[in-house]
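Trainee: I would like a close look at one part of this structure, the place where the ligand sits. Please describe what surrounds it, and then what else the search for open and closed spaces turns up.

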Amino acid sequence: MLALVHEASDPKLDWWSDQKGGTPGNLRLINTLENLRQWLNEKYDVKTRALSYHIERGGIPLKDAAVLAGLGIIGRNNLLITPEFGPHVRLKAMCLDTVLDSAEPLDFNPCGTCEMPCVKACAQEAFAPGSFTRESCRIQMSKDEASKTKSQSAIDGSLIEVVKYCRACELSCTAAK
Ligand code: B12
């Protein structure tokens, strides 16, 4: 399981386009994972398989996997929240043909005493029923997709069309140290 920090001060990492990887952050994760796979093979003779981002293409639910890997917990905003970086991480995973020690569950509950700015920040009130509603979130994402902007690519500097998805529930979260 790999997690890459996406600081609020570096939003370009999360901009979606037709370029390789989808986002510059995901491209970095793909490249890092490839290096790691090669190293594991050469140094330890461990065979690996990179898993797709999309569940319907053979991927896994990455937040759940990250919880099981001991990286964090699922927060009230329905995102993986880590003690070090709050929800400001993006994930990628691989399978290995070896058995690793399992992680301990984290003793970490940042949402317990929080006033839930994430719930208030959502323009679509996706948390109004008491838990996350994918359909409401999807309405916002569709709006974001319909308002693509021309921006300079963080990968090669060219002018490209990007989608800047709403991250209100992530960016309002105060869990990071
Ligand atoms: C499809 C998808 C979406 C859909 C639907 C989201 C959804 N949750 O249903 C849409 C397009 C709406 C979306 C929106 C966003 N997404 Co999205 N999305 C995905 C994708 C590709 C699959 C997620 C999925 O369908 N999971 C299965 C469903 C059933 O999961 P779920 O609804 O979240 O419910 C589970 C959890 O709540 C969990 N759970 C709840 N409590 C607990 C407790 C424990 C102990 C455990 C183990 C589990 C657990 O159990 C539920 C069932 O599995 C993943 C990548 C991946 N392969 O995982 C990224 C991913 C989840 N998205 C991500 C992000 C960042 C976003 C957005 C912020 C937009 C953006 N900028 O990209 C918003 C945030 C929405 C939100 N608050 O959840 C990140 C999350 C990073 C993080 N820190 O958590 C991921 C992991 C991708 C990545 N690049 O790393 N997304």
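**The ligand and its pocket**

Mentor: By class, 23 nonpolar, 9 polar and 10 charged residues make up the lining of the largest pocket. Keep in mind that this is a predicted model. The largest pocket is the space that the ligand takes up, and its volume is about 1,600 Å³. Its lining comes to 42 residues, and those nearest the centre of the pocket are Tyr53, Lys63, Leu79, Cys137 and Met141. Five elements give two or more residues to this lining: helix H1 (24-44), H2, S5, H4 and helix H5 (168-171). H4 provides the largest share, 7 residues.

Now move inward from the lining to the shell around the ligand. There are 25 residues around the ligand, of which Tyr53, Lys63, Leu80, Leu91 and Arg134 come nearest. Tyr53 and Lys63 are thus named among the residues nearest the ligand and also among those nearest the centre of the largest pocket. By class, the shell holds 17 nonpolar, 2 polar and 6 charged residues. Helix H2 (62-68), strand S5 (89-92) and helix H4 (134-146) each contribute at least two residues to the shell. Here the largest share, 4 residues, is that of H2, whereas in the lining of the largest pocket the largest share belongs to H4.

Some atoms of the ligand can be followed one by one. A nitrogen atom of the ligand lies 2.7 Å from a backbone N or O atom of Tyr53. At Leu62, a backbone N or O atom is 2.8 Å from an oxygen atom of the ligand. With Lys63 the side chain is involved: one of its N or O atoms is 2.6 Å from an oxygen atom of the ligand. Leu62 and Lys63 both fall within the range of helix H2 (62-68).

Tyr53 also takes part in a contact within the protein. The whole structure has 4 aromatic pairs. One of them joins Trp16 and Tyr53, with 5.7 Å from centre to centre and 65 degrees between the planes, which makes the pair edge-to-face. Trp16 belongs to the loop between strand S1 (2-5) and H1, and Tyr53 to the loop between strand S2 (48-50) and H2, so the pair ties together parts that are 37 residues apart in sequence. Tyr53 therefore appears both in this pair and beside a nitrogen atom of the ligand.

Next comes the second largest pocket, with a volume of about 440 Å³. It is lined by 15 residues, and Met1, Ala69, Leu96, Leu100 and Asp101 are the closest to its centre. H2 and strand S6 (94-96) are the elements that give two or more residues to this lining. S6 has the largest share, 3 residues. H2 thus contributes to the lining of the second largest pocket as well as to the shell around the ligand. By class, the lining of the second largest pocket has 13 nonpolar, 1 polar and 1 charged residues.

Last, the closed spaces. The count is 1 cavity of 30 Å³ or more. The largest cavity has a volume of about 60 Å³. Of the 13 residues that line it, Trp15, Pro24, Ala154, Ile160 and Val162 lie nearest its centre. By class, this lining has 6 nonpolar, 6 polar and 1 charged residues.

How values were computed: Residues numbered from 1 in each chain as written. Predicted model: local features only at pLDDT ≥ 70, side-chain atom pairs only at ≥ 80, totals over all residues. Heavy atoms only, no water. Near = heavy atom within 4 Å. Polar contact = N/O pair within 3.5 Å; in protein donor to acceptor, adjacent residues only side chain to side chain. 1 Å grid on protein atoms, 1.4 Å probe; cavity = no way out; pocket = protein on both sides within 12 Å on 5 of 7 lines; lining within 4 Å. Sits in = over half its atoms within 2 Å of the grid points. Nonpolar A, V, L, I, M, F, W, Y, C, P; charged D, E, K, R; others polar. Points joined across faces, edges and corners; volume = space filled by probe spheres on them. Phe/Tyr/Trp six-rings, centres within 6.5 Å; stacked < 30°, edge-to-face > 60°.
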